[in-house]
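Here are some notes to go with the structure below. Have a look at it, then read through the points in order.

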Amino acid sequence: MEENLLNIPEKTADTGDSCSCCESCKTKERSPEEYRSLMNRLSRIEGQVRGVKGMIERDAYCVDILNQVSAINSALNSFNKELLGNHIRSCVVENVRSGNDEIIDELVKTIQKLMK
């Protein structure tokens with residue numbers, strides 16, 4: 001990834017689904033498809049959050065706001081499921097194959113956090 005003047009990462013050409021997970025840097029190169037899918041989900045969620053903010057500004061009815069917040073939570077859960085699945089299929093598998101079984105403990109802790 002390259003960074004623009006605002007230090008916001010921009011996706012550049014990718015080498016594929018290879019995982020660059022390492023103990024010191026903890027990064028992952030994503031395929032263009034994975035990157036685009038995750039970014040699209042986040043953009044939709046961002047729009048939903050802005051919508052709820054607008055509802056508050058317009059004094060919308062509480063239940064209507066709560067319904068929108070529920071939709072945001074569902075969208076975040078879907079994002080997490082997609083990201084976690086990608087993580088397991090790439091980073092976890094690669095680490096286990098290379099003998100780093102500590103990745104399993106990290107995965108278990110991550111799943112426990114997600115299930116709170």
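1. Which residues does isoleucine 72 touch, not counting residues up to four places away in sequence? The answer is Ile45, Gln48, Val49 and Val52, where contact means heavy atoms within 4.5 Å. Isoleucine 72 has its place in helix α2. Its C-alpha atom is separated by 9.4 Å from that of valine 52, and the two residues are 20 apart along the chain.

2. Before going further, a word on what you're looking at. This is a predicted model, so local features need pLDDT of at least 70 and side-chain atom pairs count only at pLDDT 80 or more, while totals for chains, interfaces and linings use all residues. Residues are numbered from 1 along each chain as its sequence is written, and side-chain values use heavy atoms, with hydrogens and water left out.

3. How confident is the predictor? pLDDT is its confidence in each residue, on a scale from 0 to 100. The protein chain averages 86, and 78% of the residues score at least 70. Among the elements, α1 has the highest mean pLDDT, at 98, and strand β1 (residues 2-3) the lowest, at 42. Over residues 1-18 the pLDDT is below 50, though in the model this stretch has 27 contacts beyond near neighbours in sequence. Where pLDDT is low, the predicted coordinates should not be read in detail.

4. Now the overall layout. The protein chain has 3 helices and 2 strands, and from the N terminus on they run β-β-α-α-α. Helices (H or I, at least four residues) and strands (E, at least two) are DSSP runs, numbered from the N terminus. Of the contacts with a separation of 6 or more, 38% are between residues 24 or more positions apart.

5. What about the surface? The accessible surface of the protein chain comes to about 8600 Å², and 55% of that belongs to carbon and sulfur atoms; these areas come from the Shrake-Rupley method with a 1.4 Å probe, and for residues only the protein chains shown count as cover. Buried residues make up 22% of the 116 residues. Here buried means under 20% relative accessible area, exposed over 50%, and partly exposed in between (1.4 Å probe, protein chains only).

6. Next, the inside. The largest nonpolar core has 8 residues in all: Leu38, Ile45, Val52, Met55, Ile65, Ile72, Ala75 and Phe79. Helices α1 and α2 (62-97) each supply at least two residues of this core. A nonpolar core is a set of buried Ala, Val, Leu, Ile, Met, Phe, Trp, Tyr and Cys residues joined through side-chain atoms within 4.5 Å. Isoleucine 72 counts as buried because its relative accessible area is 9%. In soluble globular proteins, nonpolar side chains tend to be buried together.

7. Is glutamate 82 buried or exposed? With 18% relative accessibility, glutamate 82 counts as buried. This residue is found in helix α2. Leaving aside neighbours within four places in sequence, glutamate 82 is in contact with Ser37, Leu38 and Arg41.

8. On to the charged pairs. A salt bridge is a side-chain nitrogen of Lys or Arg within 4 Å of a carboxyl oxygen of Asp or Glu, and the count by this rule comes to 5. Lysine 28 forms one with glutamate 34, with the closest N and O atoms 3.2 Å apart. Lysine 28 is buried at 13% relative accessibility, and glutamate 34 is buried at 9%. Glutamate 34 also meets arginine 30 in a salt bridge (3.5 Å, N to O), and arginine 30 is partly exposed at 23%.

9. Another salt bridge pairs arginine 50 with glutamate 46 (3.8 Å, N to O). The two are separated by about one helical turn, because they sit 4 residues apart in helix α1 (residues 32-57). Arginine 50 counts as exposed, at 51% relative accessibility, whereas glutamate 46 is partly exposed at 47%. As for shared partners, salt bridges join Lys28, Arg30 and Glu34 into one network.

10. One last spot to look at: Val96, Ile104 and Val108 form a nonpolar patch on the surface, with about 200 Å² of accessible area together. Patches are made of residues with over 30% relative accessible area and no salt bridge, with like charges joined within 9 Å and nonpolar side chains (Val, Leu, Ile, Met, Phe, Trp, Tyr) within 5 Å. Valine 96 lies in helix α2 and is partly exposed, with a relative accessible area of 35%.

How values were computed:
pLDDT is the predictor's confidence in each residue, from 0 to 100.
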